[in-house]
Amino acid sequence: MNKLLVFITSAYQNLKIKYKLVIFISFIMVVSLSFMLIGLQYAFQIYDEQIYRKSSQVLMMSSNSIEDELKKVEETSFDIITDNDIQRNLRDLKGNISGYEQYRIQNELWDRLTSYAGSEKYIHSIHLFDANGREYVAGTNSAALSKEQRDLIIYQAAKQNGGTLWITPDGFNDFLFSARQVRAYENLSLDKLGTLVIHVDLEKIVRDLPKEWEETAGSIMISNGQDVFFSEKTINSFKQFDFSNKTKQGYKIQKVGGQRYFITHIQSSYADWTYWNIIPFNLMFAKVTAVKYSLIFLFILLSLFVLSLGVRFSRRITSPIEKLVAAMKHVQKGDFTIAESLPAPPLHQDEVGTLHRNFTIMIQRINELIKENYEKQLLIKETEFKALQAQINPHFLYNTLESINWLAKANQQKQISKMVESLGYLLRNSISMKEDVITIEKEIEIVQSYITIQQYRFEERLDFSLDIPPDLQSCYIPKLTVQPLIENAIHYALEPSIEPCKITVRAFRKEACLYLTVEDNGPGMDTSLLDKIKSGQVKTRGTGIGLQNIDERIKLSFGEQYGLQIESSPDKGTAVSIILPY
């Protein structure tokens, strides 16, 4: 037994710290969870059995009773709209009748409506509107509806095509409206004769419900969506409740004004309503409350006990780590000799022992890296020096061209001087890496230098022109995009021909895009060759910047929707367009 205990202790000490913590926390969680599960199981068992079961039964019976009475009202409304006398009187009212006849019909309608109003004790009043909008009222309350109420009810009832429409009041009210159209059934003409509205005393229906569960009965509410339109008791204390439900039937606990309430809801299958039963916690739940508070008290005691164990456990882990932290502060100040004064690493194979060993190795590695970094810095300095030396060659070339220029001027060779100046400007802008994107105006200056050289070569055979509006010259484009296109035009359009070749550079804006087009009237290309050039199958014969290079640079800089567009046909020339964002 002692050997087994020694083996387990040794294995635990050699585990990584995270595994030790997992085992320790798991032990705490198992104990805590066991207590909580036992307590919660007991509490919720009482909770479910004595609250949910009873309140659901009460709410179910209450909702069924309410809907039974509403169905009786609906049957009464059907009897009214199919009443022969009422149908006949409403048809007569659609025609031109005398005042006396209208008075007679009004009395007959009132008698019929009064008889129906007395047949159901929950009918508060009956309102009948003829086709001309005249109202006939019978019942306990003979007050006419307001014009706004009448127009709204008639409009909503018309959309039901003769079906029953239950209209909930705007706000909290003890009454409910049942509305439906009256249509002529004689000869199945279904002509619209009027609208029937029955004022139902909803508060009386709820008041007459059988009271179950004695003093623990809650307050019944009815909502349409999230809007409560009926409350058995005053609504002021329930305004903060959440009346949104995502299930047809269920319950929840909500705390309002320092008091908790048990809320049960059932969704109606008869109308798009939800019935709510709100029960305050009272003496019936004292046992559940006592159990809950007892569990909380026990859990607090257990937490304090676990906390004390955790502190002692963490000290044993953090003590050697704190010694390493103190050593790291010395290293932070540049004292790498502290590694020699550290105590010997623990023999355990957990993170603390590994950390000691890795720290020592790290100090040694840092010294090696410092030495390597010093050598690399020397190499970088040497590379920079060679790069400065490499700049001598282009400067020497520029100085040589400048000397040739002055010599040409001294000998009155203006053409040579102009060509040397253009060549020098062209080389400087081609080699310079300071700017990747320049304005069209600067790009045209480079083009002009290149054209100057080529015009001395081809003379009158090269007919070059520019068509660039002044407002577009300040737009930015990638450097060296137009000049290579002109070089291609000279190479493929001008050189093979003995006739003068016209090359034109145009710029224009189309919507959000800037177009730069280089056109020539050279031999052009057929469709097959043009397709191969677009797909990159044909390589340029020159040594300059190719079309594919320009297209890729534009796409990388601005996006795939931009780039080059080539149009050409045999004996009609070629047009290469650069498409950029404006």
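Strands E9 and E10 form a hairpin, with 6 residues between the two strands. The model described here is a predicted one.

**Strand E10 and its partners**

E9 covers residues 259-267, and 7 bridges join it to E10 in an antiparallel arrangement. Within this pairing, Phe-262 stands opposite Ile-279 of E10. E10 also pairs with strand E6, which spans residues 219-224; these two strands are antiparallel as well, and 5 bridges connect them. Here Ser-219 is the residue that stands opposite Ile-278 of E10.

How many of the 7 residues of strand E10 are buried? The count is 6, so the strand, made of residues 274-280, is largely enclosed by the rest of the structure.

**Aromatic pairs**

Any pair of aromatic rings can be described by two values, the distance of the centres and the angle of the planes. Searching the whole structure gives 2 aromatic pairs. One of them joins Trp-166 to Trp-273 in an edge-to-face arrangement, with 6.4 Å from centre to centre and 70° between the planes. This pair links distant parts of the chain, as its members are 107 residues apart: Trp-166 belongs to strand E3 (residues 165-167), while Trp-273 lies in the loop between E9 and E10. Trp-273 has a relative accessible area of 3% and is therefore buried, since the cut-off for that class is under 20%. Trp-166 is buried too, at 15%.

Phe-508 and Tyr-515 also form a pair, and their ring planes are at 0° with the centres 5.1 Å apart, so this pair is stacked. Is Phe-508 buried or partly exposed? Its relative accessible area is 37%, which makes Phe-508 partly exposed. Its partner Tyr-515 is buried, with a value of 16%.

The accessibilities of the four ring residues are listed below.

| Residue | Relative accessible area | Class |
|---|---|---|
| Trp-166 | 15% | buried |
| Trp-273 | 3% | buried |
| Phe-508 | 37% | partly exposed |
| Tyr-515 | 16% | buried |

**A charge over a ring**

Another contact with an aromatic ring involves Arg-509 and Tyr-582. The charged end of Arg-509 sits over the ring of Tyr-582, at 3.9 Å from the ring centre.

**Cysteines**

A disulfide is a covalent bond between the sulfur atoms of two cysteines. How many disulfides does a search of the whole structure find? The result is 0. Among the cysteines, Cys-475 counts as buried at 12% relative accessibility. Cys-501 is also buried, and its relative accessible area is 3%.

How values were computed. Residues numbered from 1 in each chain as written. Predicted model: local features only at pLDDT ≥ 70, side-chain atom pairs only at ≥ 80, totals over all residues. Heavy atoms only, no water. Buried < 20%, exposed > 50% of the residue type's maximum accessible area, 1.4 Å probe, protein only. Helix = DSSP H or I, 4+ residues; strand = E, 2+ residues; numbered from the N terminus. Pairing = 2+ DSSP bridges. Phe/Tyr/Trp six-rings, centres within 6.5 Å; stacked < 30°, edge-to-face > 60°. Lys NZ or Arg CZ within 6 Å of the ring centre and 35° of its normal. Disulfide = S-S within 2.5 Å.
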